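Trainee: I am new to this structure and would like a close look at a single part of it. Could you take me through one pair of packed helices, and then through what lies beyond them?

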Amino acid sequence: MNTHTPQARLPAVAPPQKKPRPPRARAPIVPAGSVTGRSLGVVIGIMVFLACLTAGAVYIVNQSASAWLRDIASEVTVQIKPEGATEEVEKTANGVVSFLNGQNGIRNASLLTLDQSAELVEPWLGQISAIKDLPLPRLVAVQIDRDSPPDITTLRAALGTKYPAAMLDDHRAWQSQIRRVTGSLAMAGLAIIALVATATVAIVVSAARSAIASNRDIVEVLNFVGAEERFIARQFELHFLKLGVKAGIVGATAAGFVFLSMPLIAEYMSGAANAEYRRLVGTGRLDFMGYFALMAVVVVIAAICQLTSRYGVRRILDAQNQ
Amino acid sequence: MIRFENVGLRYGLGQDVLRDVSFHLLPGSFHFLAGASGAGKTSLLRLLFLSIKPSRGMAYMFGKNITKSPPGQRAELRRRIGIVFQDFRLLDHMTTWENVALPLRVHGKRQSEYAEDVTELLKWVGLGDRMHAYPPVLSGGEKQRAAIARAVIGKPELLLADEPTGNVDPQMARRLLRLFIELNRLGTSVIIATHDYQLMTQFNAPRLMLENGRLHIHG
C-alpha cells in the first residue's frame, strides 16, 4: 500500500476550522416586484414631473412678479397735461423736475424727451410720423430712494398744489393687478399640484389593493405567525416609499432638465418675441430655491406614497379581519 | 388553555357547520381531531387559530374570550400558537431557513438572537443540508418538516396541525408523529387534525371526534 499519497502526508490533527456563519435573512418578506410594478413607477414619475413643472413655473412667475413689483415700487411717474403753448408745458415740466429733485426720498427725477414718450405709445399706435404731432403728455421718471421713500400722498398733494397740470402716478393699479395675476397663477399651480397629489393618492390606494390581493398568501401567513397589522402594512409601505423616492427623483430630474434648457426652448418657440418673453419671466431658469422646491415636490410625493399605502393597507387588513 | 362552551358556527346564512361544541383542553395535552371529510375539522381548526369567530357560544383561549377579540389581541394570541397547514404555506421567494425564521423576524427579534436556534432546529428536523433551498425544490416531506419547524420555532404553547401527514408516505408520517410527540414532551400542547386512523393507532391520545358538526371526546 502506498503511504506516500497526499492524504497520508496530512497532519494527524486537522487545523481548527472556522465555524460556519449561520444563514442570514435577506429576502424581503413581501417581494418588491409583486407590490410595485414598473408601470406604477412610470405613472408616479410622470405625476412628479408634472407637479415639478407646475411648481417651477409658479416659482418663476412669482420671482418675475416680485422683480416687477420691486422695479415699479422704486419708480413713480409724473404726467404733465399738454395744455397751453408748448413752451408753457416745457416750462412746467422743467419746474416739476426741479421741484421733485429738491424733495426728500427722491434720488432722481428726469424729463423724458418727446421721442421717448412717442416710443412708449408706439406698441399701440405703430411707427407713424404723426405720433409726435399728437398732444402727448410730458412724462417725468422719478427714482425713489428705497431706503427712505417719500410719503407719496403728501408729495402728490404738494405737487398738485404747485403744478395743477401735473399728475403723480405711483403705479398702484399696476401693482395690484400684478399681485392679482400672480396670486391667481399661484392658486392655479397649487390646484394642479393638489390634483396631481389626489391622483397619486388614488393610484397608490388602487395599487395597494392590488398588492394585497396578489400577496394574499403572504399576508395570510404573516397573520398566522402573529404579525400585527402595522408590521404587515410596513412591509408594503417600504416598497411604496422606495418607489415614490425613485420615481420622484426621475420625474424631478426630468423637470430640472426642462428648466435648465428653458432659455433654449424659449428662443426656439418664441423667436423674435424672445426679448418680450425674457422681459416677462427673466431667463426662465430656476435658482437654488427653485430646485429646492422641486426636491420638496419629490419629498411630498414620496410621503404621499408611503402614508397612503400605510393607511390603505391597514384599512384593507382591518376590513379583512372584521 | 382552551375552553369552548356550546360553540356554534355557520358561514353567512348557510347551515350550521359546528353545533354546541364544548370541550376543555389542559396545557401540555395531546389530542387528535378526527372526523370524516366535511365533518367540520378545518372549521374547528380555523376557530382555534383565530381565523374566524364563532357564530354562537363562548370560546376562551389562554384565558381570553376569542369571540370578542380585537385584531391586536388576535395577533398577540397567535404568537402563542404554532400552525402547520396541510398545504404547508411556505413562502416560495424565501429560503427554507428564512421561512423557518419568519415568526421570530415578525416578532421583532434580532437575527443574531435567533440565527443559531433556526439552524439547530432545521438540523433537528433533518433539513440541515436544505437550509438554502427554496420551497419549490423541496420534496413534500421536506416542505412538511419545514412547515413544522416554522410552527415550533417560536416555542408555542399550542401546536395545531391540519392533516400533517396527508402528503407524505407512511414512513415519513411515523417520523413526523414522533416529532410531534417529542414537542409535546417538551411542554407544547398538540392538536392534530387527521382522518388517518392508522396514525391515531400509533399513539395513545384522546380523540376529538367530529360528526355532522357535533363533537364527541374519546379516550
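Mentor: Before the numbers, a word on how they are obtained: axes are lines fitted to C-alpha atoms, for helices over the stretch in contact, and angles run from 0 to 180 degrees between N-to-C directions. The model you see is predicted. In chain B, the axes of helix α5(B), residues 140–152, and helix α6(B), residues 170–185, come within 11 Å and cross at roughly 10°. Angles under 35 degrees count as roughly parallel, and α5(B) and α6(B) are therefore roughly parallel to each other. On the side of α5(B), the contact is made by Gly141(B), Gln144(B), Ile148(B) and Val152(B), while α6(B) brings Met172(B), Leu176(B), Leu179(B) and Leu183(B) to it. By class, the residues of this contact are six nonpolar and two polar, with no charged residue.

Turning from the helices to a strand of chain B, we come to β3(B), residues 30–35, where six of the six residues are buried, so the strand is largely enclosed by the rest of the structure. Both of its faces are covered, with Phe30(B), Phe32(B) and Ala34(B) buried on one side and His31(B), Leu33(B) and Gly35(B) buried on the other. Strand β3(B) runs parallel to β8(B), residues 189–194, and is joined to β8(B) by five bridges, in which Leu33(B) has Ala193(B) as its bridge partner. With β9(B), residues 207–211, β3(B) also runs parallel, here through four bridges, and the partner of Ala34(B) in β9(B) is Met209(B).

Note on methods: Residues are numbered from 1 along each chain as its sequence is written. Chains are lettered from A and ligands numbered from 1 in the order in which they are written. This is a predicted model: local features need pLDDT of at least 70, side-chain atom pairs count only at pLDDT 80 or more; totals for chains, interfaces and linings use all residues. Helices (H or I, at least four residues) and strands (E, at least two) are DSSP runs, numbered from the N terminus. Angles under 35 degrees count as roughly parallel, over 145 as roughly antiparallel, 65 to 115 as roughly perpendicular and the rest as oblique. Two residues are in contact if their C-beta atoms, placed from the backbone, lie within 7 Å. Ala, Val, Leu, Ile, Met, Phe, Trp, Tyr, Cys and Pro count as nonpolar, Asp, Glu, Lys and Arg as charged, and the others, Gly among them, as polar. A residue is buried if 20 or more other C-beta atoms lie within 10 Å of its own, exposed if 12 or fewer, and partly exposed in between; C-beta atoms are placed from the backbone. Two strands pair if DSSP finds at least two bridges between them.
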